[in-house]
Amino acid sequence: MLQGLREILAAARGHNEAAGITGYLAFDKVSFVQILEGPRAAVAELMATIRNDPRHETVVVLGQRTIATRDFDNWAMGGGLRTVDQQEVYLRHGFSQGMDPARLTLSRLVALARDLVDLEAGRRRSDAETEQEAEI
Ligand SMILES: Cc1cc2nc3c(=O)[nH]c(=O)nc-3n(C[C@H](O)[C@H](O)[C@H](O)COP(=O)(O)O)c2cc1C
């Protein structure tokens with residue numbers, strides 16, 4: 001399954017950048033949860049492709065909305081094997097177990113994904129600081 005996830009991500013990274021699509025993909029061992037942002041036609045086209053992908057069973061659209069600014073700067077991935085730090089963010093947002101689509105809303109998901117991206121960005125920043133310190 002993780003191999004399948006890697007393949008999806010590899011295809012998605014190149015395609016989404018070319019199509020101007022940003023967002024987030026998480027996998028909790030049962031469900032994929034995905035946020036797609038971009039020009040309406042590009043998102044619709046990608047959704048049609050994803051719907052036809054045999055690697056999942058049912059596609060549920062949690063919601064759609066028009067946004068003035070993007071929540072995500074690029075195409076990101078989170079979830080999968082939750083790290084301890086990530087688990088803390090999931091718990092803060094009330095997701096103790098898997099992400100049951102029946103309990104998910106678009107705004108809850110965007111809030112969770114933004115915090116996971118922030119966590120990852122903070123970690124990269126502190127890695128860079130550590131490297132700089134090591135150079136001095
Ligand atoms: C849950 C899930 C999410 C996916 N998300 C994306 C995506 O964001 N972008 C993308 O290009 N393909 C995504 N895919 C893969 C597409 O369904 C399709 O396999 C891929 O776009 C085809 O790429 P190719 O024409 O280069 O083989 C996803 C597949 C699954 C199962």
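For my notes, a helix's expected span is 1.5 Å times one less than its number of residues. Helices are DSSP runs of H or I with at least four residues, strands are runs of E with at least two, and both are numbered from the N terminus.

**Entry 1: ground rules**

I'm looking at a predicted model, where local features need pLDDT of at least 70 and side-chain atom pairs count only at pLDDT 80 or more, while totals for chains, interfaces and linings use all residues. Residue numbers start from 1 along each chain as its sequence is written.

I checked confidence before anything else; pLDDT is the predictor's confidence in each residue, from 0 to 100. The protein chain has a mean pLDDT of 85, with 90% of its residues at 70 or more. By element, helix 2 has the highest mean (96) and strand 3, residues 75-79, the lowest (65).

**Entry 2: helix 2**

I went to helix 2 next, which covers residues 40-51. Its 12 residues reach 16 Å from the first C-alpha to the last, close to the 16 Å expected. For burial I use C-beta atoms placed from the backbone: 20 or more others within 10 Å makes a residue buried, 12 or fewer exposed, and anything in between partly exposed. The number of buried residues among the 12 of helix 2 is 0, so this helix lies largely in the open.

I also looked into the loop between helix 2 and strand 3, where Thr-66 sits. Thr-66 has 5 C-beta neighbours inside 10 Å, so I log it as exposed. From its C-alpha to that of Pro-39 I get 9.8 Å, with the two positions 27 residues apart along the chain.

**Entry 3: the hairpin**

Which way do strand 1 and strand 2 run relative to each other, parallel or antiparallel? They run antiparallel, joined by 6 bridges; strands count as paired if DSSP finds at least two bridges between them. I noted two of the partners: Tyr-24 bridges to Ile-35 in strand 2, and Ala-26 bridges to Val-33. The two strands form a hairpin with 4 residues between them, and Lys-29 in the turn has a positive phi of about 80°.

Strand 1 takes in residues 22-27, and 5 of its 6 residues are buried, so the rest of the structure largely encloses it. I picked Leu-25 in strand 1 as a spot check. Leu-25 counts as buried because it has 21 C-beta neighbours inside 10 Å. Its C-alpha is 10.0 Å from that of Ile-8, which is 17 residues away along the chain.

**Entry 4: the core**

I then pulled up the largest nonpolar core, meaning a set of buried Ala, Val, Leu, Ile, Met, Phe, Trp, Tyr and Cys residues joined through C-beta atoms within 7 Å. It has 13 residues, and Tyr-24, Ala-26, Val-33, Phe-95, Leu-109, Leu-112 and Ala-113 touch the most other members. Strand 1 and helix 4 (106-135) each supply at least two residues of this core. Helix 4 gives the largest share, 5 residues.

Still on helix 4, I checked Glu-120. With 16 C-beta neighbours inside 10 Å, Glu-120 comes out as partly exposed. The C-alpha atoms of Glu-120 and Val-89 are 11 Å apart, for a chain separation of 31 residues.

**Entry 5: around the ligand**

A residue is near the ligand if its C-beta atom, placed from the backbone, lies within 6 Å of it. I count 13 residues around the ligand, and Ala-11, Ala-12, His-15, Phe-32 and Asp-53 come nearest. Two or more residues of this shell come from each of helix 1 (2-19), strand 2 (32-37) and helix 2. Which element gives the largest share of the shell? That's helix 1, with 5 residues.

The shell divides into 6 nonpolar, 5 polar and 2 charged residues. For that split, Ala, Val, Leu, Ile, Met, Phe, Trp, Tyr, Cys and Pro are nonpolar, Asp, Glu, Lys and Arg are charged, and the others, Gly among them, are polar.

My last stop was Leu-9, also in helix 1. Leu-9 is partly exposed because it has 15 C-beta neighbours inside 10 Å. Its C-alpha lies 9.2 Å from that of Ala-76, 67 residues apart along the chain.
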